[in-house]
Amino acid sequence: MPLWSNWSGRQQARPVAVPFLRSEADAQALVRDAAANGTSIRVAGAGHSHAPLVISDGIIADASGLAGVIGTDTAARRAWVWAGTPIYALGRPLHDAGLALKNQGDIDRQAIAGAVATGTHGSGPALQNLSAAVTGARVVLASGETVDCAADAHSDLWQVARLNLGALGVVTRLQLQLREAYKLVERGWSEPYEALLPKLADLIAANRHFEFFWYPYNDTAIAKAIQETDAQPVYPLAEEGARCAWNYEVLPNHRPHRHTEMEYSVPAGSGPECLGAIRELIRRDFPELQWPVEYRTVAADDVWLSMAYGRPTVTVSVHQDISVDEEPYFRACEEIFLSFEGRPHWGKVNYLDGAQLAVCHPRWRDWWAARDQVDPDQLFLNEYLRGVRPPR
Ligand SMILES: Cc1cc2nc3c(=O)[nH]c(=O)nc-3n(C[C@H](O)[C@H](O)[C@H](O)COP(=O)(O)OP(=O)(O)OC[C@H]3O[C@@H](n4cnc5c(N)ncnc54)[C@H](O)[C@@H]3O)c2cc1C
């Protein structure tokens, strides 16, 4: 049996097969065959989730052969892209069409469908996550049929597709709402946490993107502010914190250090207090921690399962080395996050059961009802998702 492993190596599976999908016809044939044999399917993106989303002892389909930009509509500022396209491979062709993602995360190694499936986000109080950019999707359902969904066509399926946890079917194409190409200039600096905190609200309001990592061992923040600019791009690109170039050259970073991560989204107004509580916890109970805590902002959206559904959001992420048992630290953090009405990042670690997730997500049952209609036999669920689904 093949071995499938995620980016950190902490999630491993022994699926019966890892077929490589090169076309929608491949996806349809795979789904029909698996359904006939009663073998469950999970689709893998780039394997960058810390959560056990891809894990399966059935089939893990590799969708990375479905790659590239299918077509752009510069006037509408939209593009159809193949689902397995790495985010790094979107930047240049979109740019050549005068277009750009409005925002993206810390890294650009994820497949676009993988990032969308978990609500992957960057930072910026006026900028939504990638799921909110999805205006259309094509999905191979458990029946083997292909459906095109959008706000005005199969709208419930579209809502599920926008943040789907890989549970709707094989997503083969996505249509994304973009904006005109733009350049960014970034400024990175370091200062004591106590000095940064009083300026936090102003820094968030004054910059298109603002984020910082707080390092417990020296109580210092490494901050980054990014603004749009008309300045000429500077090549070769400078180090992170000093780049001036096109959006897709400035926003992604190199993050080679293997770690595992928990992230919660809290109402934006609670962000500083929540971070303060995490800081207190670390200083009191985990003083040896070497890994930072990250603080970002995300605009509210209307994506059913989004961590930012209906509320402006601050995200607080905690990290641990892969050689260390993260559970005591993460569980202590989770207790604090929940006390601030936090919602867990779908691609990162959490310990919530289905009842707790239902409390976090007002549209939890709607999401499951729409999903179940097209996959009544649970072909696209794995053990984790079966464990958290609401009782029928
Ligand atoms: C170093 C690092 C940095 C990160 N930075 C950020 C960040 O800045 N912001 C943030 O929000 N998150 C971040 N993440 C989390 C990451 O963006 C998410 O976990 C994302 O879902 C990973 O995408 P992937 O392509 O690796 O998908 P995978 O982890 O492989 O899969 C994620 C989900 O997508 C589904 N899926 C993938 N492709 C398809 C398809 N074609 N059809 C149906 N389902 C599919 C899978 O079944 C699974 O449910 C980071 C993770 C790492 C390891």
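**Close-up views of a predicted model**

**View 1. Strand β13 and its two partner strands.** Strand β13, spanning residues 209-215, is mostly covered, with six of its seven residues buried. The model shown here and in the views below is predicted. β13 runs antiparallel to strand β14 (residues 220-229), to which it is joined by seven bridges. Within this pairing, W214 is found opposite A221 of β14. Four residues lie between the strands of the β13 and β14 hairpin, where D219 adopts a positive phi near 55°. β13 also pairs with strand β17 (residues 293-298), again in the antiparallel sense, over three bridges. Here F212 is the residue that stands opposite Y295 in β17.

**View 2. The open sheet of eight strands.** The strands of this open sheet follow the order β15-β12-β14-β13-β17-β18-β16-β19, and their pairing is antiparallel. β15 (244-246) and β19 (343-344) occupy the edges; each has a single partner strand, so one side of each is left without a neighbour in the sheet. At the β19 edge, two bridges connect β19 with β16 in the antiparallel sense. S265 has R343 in β19 as its bridge partner.

**View 3. The loop that contains P256.** P256 belongs to the loop between α7 (247-250) and β16 (259-267). Its relative accessible area is 37%, which places P256 in the partly exposed class. Along the chain, P256 and G58 are 198 residues apart, and a distance of 30 Å separates their C-alpha atoms.

**View 4. The hairpin of β8 and β9.** Five bridges link strand β8 (residues 134-140) to strand β9 (residues 146-150), and the two pair in the antiparallel sense. Among the paired positions, G136 has A150 in β9 as its bridge partner. The hairpin formed by β8 and β9 has five residues between the strands, and G144 in the turn shows a positive phi of about 90°.

**View 5. Polar atoms around the ligand.** Two backbone positions and one side chain are shown beside oxygen atoms of the ligand. A polar backbone atom of A46 is 2.9 Å from a ligand oxygen atom. For D106, a polar backbone atom lies 2.7 Å from an oxygen atom of the ligand. Q110 contributes through its side chain, a polar atom of which is 2.8 Å from a ligand oxygen atom. Of the 970 Å² of accessible area that the ligand has on its own, the protein covers 99%.

**View 6. The shell of residues around the ligand.** The ligand is surrounded by 36 residues, of which V43, H48, S49, D106 and H345 are the closest. By residue class, the shell comprises 16 nonpolar, 16 polar and four charged residues. At least two shell residues are supplied by each of β3 (41-44), α3 (112-117) and β10 (170-177). The largest share, four residues, comes from α3. Domain 1 (4-62) and domain 2 (69-180) both give residues to this shell, so the ligand lies between them.

Key
Residues numbered from 1 in each chain as written. Predicted model: local features only at pLDDT ≥ 70, side-chain atom pairs only at ≥ 80, totals over all residues. Heavy atoms only, no water. Near = heavy atom within 4 Å. Polar contact = N/O pair within 3.5 Å; in protein donor to acceptor, adjacent residues only side chain to side chain. Areas by Shrake-Rupley, 256 points an atom, 1.4 Å probe, with all protein chains shown as cover. Nonpolar A, V, L, I, M, F, W, Y, C, P; charged D, E, K, R; others polar. Domains from an automatic or database assignment. Buried < 20%, exposed > 50% of the residue type's maximum accessible area, 1.4 Å probe, protein only. Pairing = 2+ DSSP bridges.
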